[in-house]
Amino acid sequence: MANHILPVEVQGLTKKFGDFTAVDHVSFTVKPGEVLGYLGPNGSGKTTTIRMLCGLLTPTEGTAKIMGIDVVQNPEAIKARLGYMSQKFSLYDDLTVRENLEFYAGVYDVPESKEKARIQEILNLAGLEHHSTLFTNELSGGWRQRLALGCAMIHNPPLLFLDEPTSGVDPVARREFWDLIYQLAAGGTTIFITTHYMDEAEHCNRVAFMYRSKLLAFDTPVALKNEYLHGAAWDLEASPLLETVELLSTMPGVAQASLHGDRAHVIVDPGQWTQESLTQKLAEHNVAVKSIATVQSTLEDVFTLLAHRGRVARETNQ
Ligand SMILES: Nc1ncnc2c1ncn2[C@@H]1O[C@H](COP(=O)(O)OP(=O)(O)O)[C@@H](O)[C@H]1O
Ligand SMILES: [Mg+2]
């Protein structure tokens with residue numbers, strides 16, 4: 001059964017461009033039917049990782065297997081087993097929706113006997129039945145993304161790589177795109193998705209956080225919050241408020257301070273501050289703290305803390 005095979009297995013995967021290391025000894029596995037969010041700021045190595053996993057870029061070091069097959073030894077075999085919606089996925093504007101699907105059915109060697117039924121299946125799944133005769137340049141951003149996804153999975157692969165599929169798409173279309181992703185995952189497709197939107201990360205079964213070429217964390221959203229934050233996201237009622245935020249921003253062990261309505265929101269490194277010690281330190285700077293409370297933390301808070309630690313580690317090593 002294909003279900004026993006891990007869709008993605010990565011060990012020490014590294015890519016160097018000259019002296020620059022774009023992906024630095026990354027290791028993880030992805031389980032069948034899982035929605036994995038691969039996150040990180042621009043330039044952190046997400047696309048480079050995906051391109052290696054799709055057999056489009058040769059790793060400098062390390063190994064990667066897709067559905068149990070080594071990407072370097074057998075790139076042709078893995079291409080049949082995965083779908084890749086790249087950041088710059090190209091649709092043909094002068095072709096209709098159906099013609100684009102027909103084109104990609106040819107690219108991915110969908111047998112002619114199955115092509116018609118498969119195209120209909122994709123049109124239904126993506127909700128594009130009533131758009132099939134429209135030219136692609138007549139589609140809104142959200143519909144274009146759905147068509148691009150349909151083209152990337154025309155050969156019915158068990159694994160999909162989606163590289164920022166929702167960037168530049170409006171919130172309603174983003175929500176609908178995610179409904180489609182859940183539907184695919186529920187049907188057993190494994191989804192490897194990158195995104196900039198932190199709210200989308202909360203929807204993933206597990207998330208990986210890339211920062212400056214390194215994989216800093218990999219776990220479920222709940223486990224990440226428990227492991228890293230230990231309740232270290234706090235809201236303070238303090239005066240003067242703006243000065244409090246500015247002061248907190250400059251303090252060591254503070255990952256981030258920002259204004260949340262009439263409160264100051266702060267993420268601290270849990271090893272360095274307690275609520276008491278922070279209140280006391282602020283008092284020394286003539287800030288009166290009226291209240292300080294632990295608030296529900298978000299994945300964004302976790303990544304803010306991880307990025308802060310990454311920066312501190314780099315500064316210490318330099
Ligand atoms: N072909 C290449 N040659 C040189 N540098 C590259 C190449 N591709 C990517 N990079 C660099 O590697 C880093 C990671 O890029 P990328 O994987 O595209 O990041 P992300 O997808 O996370 O935004 C960036 O600094 C980028 O400029
Ligand atoms: Mg990218």
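How many Å separate a backbone N or O atom of G45 from an oxygen atom of ligand 1? I looked this up before anything else, bearing in mind that the model is predicted, and found a distance of 3.0 Å for that G45 backbone atom.

**Entry: ligand 1**

I then went through the neighbours of G45 for further polar contacts. A polar side-chain atom of K46 lies 2.9 Å from an oxygen atom of ligand 1, and for T47 I noted a polar side-chain atom at 2.8 Å from an oxygen atom of ligand 1. On its own, ligand 1 has 560 Å² of accessible area, of which the protein covers 59%. Two elements, β2 (20–30) and α1, give two or more residues to the shell around ligand 1, and the largest share, three residues, comes from α1. I wrote down the residues of this shell as F17, F20, A22, P41, N42, G43, S44, G45, K46, T47 and T48.

**Entry: the magnesium ion**

T47 came up again when I turned to ligand 2, the magnesium ion, which is coordinated by OG1 of T47 and OE1 of Q87 at 2.0 to 2.4 Å. T47 belongs to helix α1 (residues 46–53), whereas Q87 sits in the loop between β6 (82–85) and α3 (97–107), so the pair ties together parts that are 40 residues apart in sequence.

I also asked myself whether the two residues should be entered as buried or exposed, and why. T47 has a relative accessibility of 25% and therefore counts as partly exposed; Q87, at 43% relative accessibility, likewise counts as partly exposed. The range that matters here runs from 20% to 50% relative accessible area.

**Entry: a nonpolar patch**

Which residues form a nonpolar patch on the surface? I found Y92, F103 and V107, which together have about 250 Å² of accessible area. F103, one of these residues, lies in helix α3, and I entered F103 as partly exposed because its relative accessible area is 36%.

**Entry: the chain as a whole**

Last, I recorded some totals for the chain. Its secondary structure comes to eleven helices and 14 strands, and 48% of its 318 residues count as buried. Taken along the principal axes, the box that the C-alpha atoms of the chain fill is roughly 75 × 45 × 35 Å.

Going back over my notes, I marked T47 as a residue to keep in view, since it appears in two entries: a polar side-chain atom of T47 lies 2.8 Å from an oxygen atom of ligand 1, and OG1 of T47 coordinates the magnesium ion.

Technical notes
Residues numbered from 1 in each chain as written. Chains lettered and ligands numbered in written order. Predicted model: local features only at pLDDT ≥ 70, side-chain atom pairs only at ≥ 80, totals over all residues. Heavy atoms only, no water. Donors = N, O, S within 2.8 Å, 3.2 Å for Na, K, Ca; no water. Helix = DSSP H or I, 4+ residues; strand = E, 2+ residues; numbered from the N terminus. Buried < 20%, exposed > 50% of the residue type's maximum accessible area, 1.4 Å probe, protein only. Patch = residues over 30% accessible without salt bridge, like charges linked within 9 Å, V, L, I, M, F, W, Y side chains within 5 Å. Areas by Shrake-Rupley, 256 points an atom, 1.4 Å probe, with all protein chains shown as cover. Salt bridge = Lys/Arg side-chain N within 4 Å of Asp/Glu carboxyl O. Near = heavy atom within 4 Å. Polar contact = N/O pair within 3.5 Å; in protein donor to acceptor, adjacent residues only side chain to side chain.
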